[in-house]
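User: I have some labels to check on a structure. Can you take me through the reasoning behind them?

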Amino acid sequence: MTLDPTDLRLLAALQSNAMMTAQDLSEELHLSASQAGRRRQRLEAEGYIRGYRAEVAPERVGLGVQAFIQVVMATHTEQNARDFVRVTKLQSEIVGAWTLTGEADYLLRIYCADLSALNRLVQQVLLPHPAVSRVQSQIVMERVKPDAPLPV
């Protein structure tokens, strides 16, 4: 199914404020509240909208260090990849993980309480993994642009 301009405006509106009610959307989209609500439900059912979540301030919950870690695998077997991905899912400090082209195989986004916690994650979890050859960490000094809505 293709999205019409109203669907795209609805997605843009919800990306800026996921708590919009059907009434709020109706005013934004110039539709009735029931039409706006039905469109939202259809976009949810068809998988265009994956879910909703609150954006929590990391520093307010004691997560003072954000880092990105590039991981280079020593061997590229299917089993090693599955094992490593399982590790990324089990470590709550790893909030995002991507496979990459280029020199590194994985990019991990990390939130930790402090540098000691980051060091423990690298030294006790990532480096000892049998499939990992090398890790390279970049500590975030300042976030200059927050995660932005998708350009729909």
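Analyst: We will go through salt bridges, then exposure labels. Note that this is a predicted model.

User: Why is the contact between Arg39 and Asp4 called a salt bridge?

Analyst: The closest N and O atoms are 3.0 Å apart. The cut-off is within 4 Å, so the pair qualifies. Arg39 lies in helix α3 (residues 33–45) and Asp4 in the segment before α1 (5–16), so the bridge ties together parts 35 residues apart in sequence.

User: What makes Asp7 and Arg39 a salt bridge?

Analyst: Their closest N and O atoms are 2.7 Å apart. That meets the limit of within 4 Å. This bridge connects helix α1 with helix α3.

User: Why is Asp7 called buried, and Asp4 partly exposed?

Analyst: Asp7 has 1% relative accessibility. Buried means under 20%, so Asp7 is buried. Asp4 is at 29%. That falls between 20% and 50%, so Asp4 is partly exposed.

User: Which residues do shared partners join into one network?

Analyst: Asp4, Asp7, Arg39, Arg42 and Glu46.

User: Is Glu103 buried or exposed, and how do you know?

Analyst: Its relative accessible area is 64%. Exposed means over 50%, so Glu103 is exposed. Glu103 also meets Arg134 in a salt bridge, at 3.0 Å from N to O.

User: What makes Val152 eligible for a nonpolar surface patch?

Analyst: Val152 has a relative accessible area of 47%. A patch residue needs over 30% and no salt bridge, so Val152 passes on area. Leu8 and Leu150 complete the patch, with about 270 Å² of accessible area together with Val152.

Note on methods. Residues numbered from 1 in each chain as written. Predicted model: local features only at pLDDT ≥ 70, side-chain atom pairs only at ≥ 80, totals over all residues. Heavy atoms only, no water. Patch = residues over 30% accessible without salt bridge, like charges linked within 9 Å, V, L, I, M, F, W, Y side chains within 5 Å. Areas by Shrake-Rupley, 256 points an atom, 1.4 Å probe, with all protein chains shown as cover. Salt bridge = Lys/Arg side-chain N within 4 Å of Asp/Glu carboxyl O. Buried < 20%, exposed > 50% of the residue type's maximum accessible area, 1.4 Å probe, protein only. Helix = DSSP H or I, 4+ residues; strand = E, 2+ residues; numbered from the N terminus.
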